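Please open the model in your viewer and keep the sequence panel beside it, because each stop on this tour begins with a selection.

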Amino acid sequence: MKVAVFGANGKTGRRLVSQALDRDHEVVGFDIGFDEDFPPKAEKVLGDVHDEGKVEEAVRGADAVVSALGVTKQSGSDVVSAGVENIRKAMKENSVGRLVALTGAGATLESESETLGNRLVNLLLRFVMPGALEDGRRMVRTLQGSEPDWTVVRAPRLRDSSGDRNYTLGTDLRLGLRHSAARGDVAHCMLDLAENSDHLRQMPFIRS
């Protein structure tokens, strides 16, 4: 299977690339910059997700797309929503059907009620990374009703560890400051979803 990984040089993206290669997938990594130690077996597409032509270059010929795009202090506040919109367009143009995207746990739907824990975590996120929560919610609205067989994985605070594959993926959105997920587990979960049809057009929540 050929997998296009967006945000490939980030902390979660690097784990996605490495694990996809370990599964013997062909990998195309897309990012605005790459470290020298980026896995040499992966093809690299250097570009900005706002550039539709570069996004299509990465998506063309893929069997599935996984997005670990995230708002940073350097990225601007629309990198996730604008990036996924361009990914969605490129997938439609190139008949690529499967998309798995990562966002924060705070990207709730209007129909979902927030607990006190959710509100506290979201308040903290707005302080630490302004714009990230709203961008994730815009991304979700972009995907609702769109063509790809999408799944959005919602994650709490991410730990920079490989994890132990003892994670849960479900609909329980109750969130507290103690909840977290290992980046390695998130990558494993997203690749599993890219390989199957579980949680189509759903937004499961991961904990590990």
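Begin by selecting Thr151, which lies in strand E6 (residues 149–155); helices (H or I, at least four residues) and strands (E, at least two) are DSSP runs, numbered from the N terminus. The model you are looking at is predicted, so local features need pLDDT of at least 70 and side-chain atom pairs count only at pLDDT 80 or more, while totals for chains, interfaces and linings use all residues. Residues are numbered from 1 along each chain as its sequence is written, and side-chain values use heavy atoms, with hydrogens and water left out.

Is Thr151 buried or exposed? Its relative accessible area is 0%, and Thr151 is therefore buried (under 20% relative accessible area, against over 50% for exposed and partly exposed in between, with a 1.4 Å probe and protein chains only). Now add Arg98 to the selection: the side chains of Thr151 and Arg98 are joined by a polar contact of 3.0 Å (a pair of N or O atoms within 3.5 Å; within protein, one must be able to donate a hydrogen and the other to accept it, and residues adjacent in sequence count only if both atoms are side-chain atoms). Leaving aside residues up to four places away in sequence, Thr151 also touches, among others, Leu99, Val100, Leu193, His199 and Pro204, where contact means heavy atoms within 4.5 Å.

Next, select helix H2 (residues 52–59), whose buried residues are Val55, Ala58 and Val59. Looking down the axis of H2, you will find these buried residues within an arc of 95°, so they line one face of the helix; the arc is that of the directions from the helix axis to the C-beta atoms. They pack against strands E1 (2–6), E2 (26–31), E3 (43–46) and E4 (64–67), and against helix H3 (79–93). At the start of H2, a side-chain oxygen of Asp51 reaches to within 3.0 Å of the backbone nitrogen of Gly53, and just after H2, Gly61 takes a positive phi of about 85°.

Finally, zoom out to the whole chain, which has six helices and ten strands. Of its 208 residues, 51% are buried. Among the contacts in the chain with a separation of 6 or more, 70% are accounted for by residues 24 or more positions apart.
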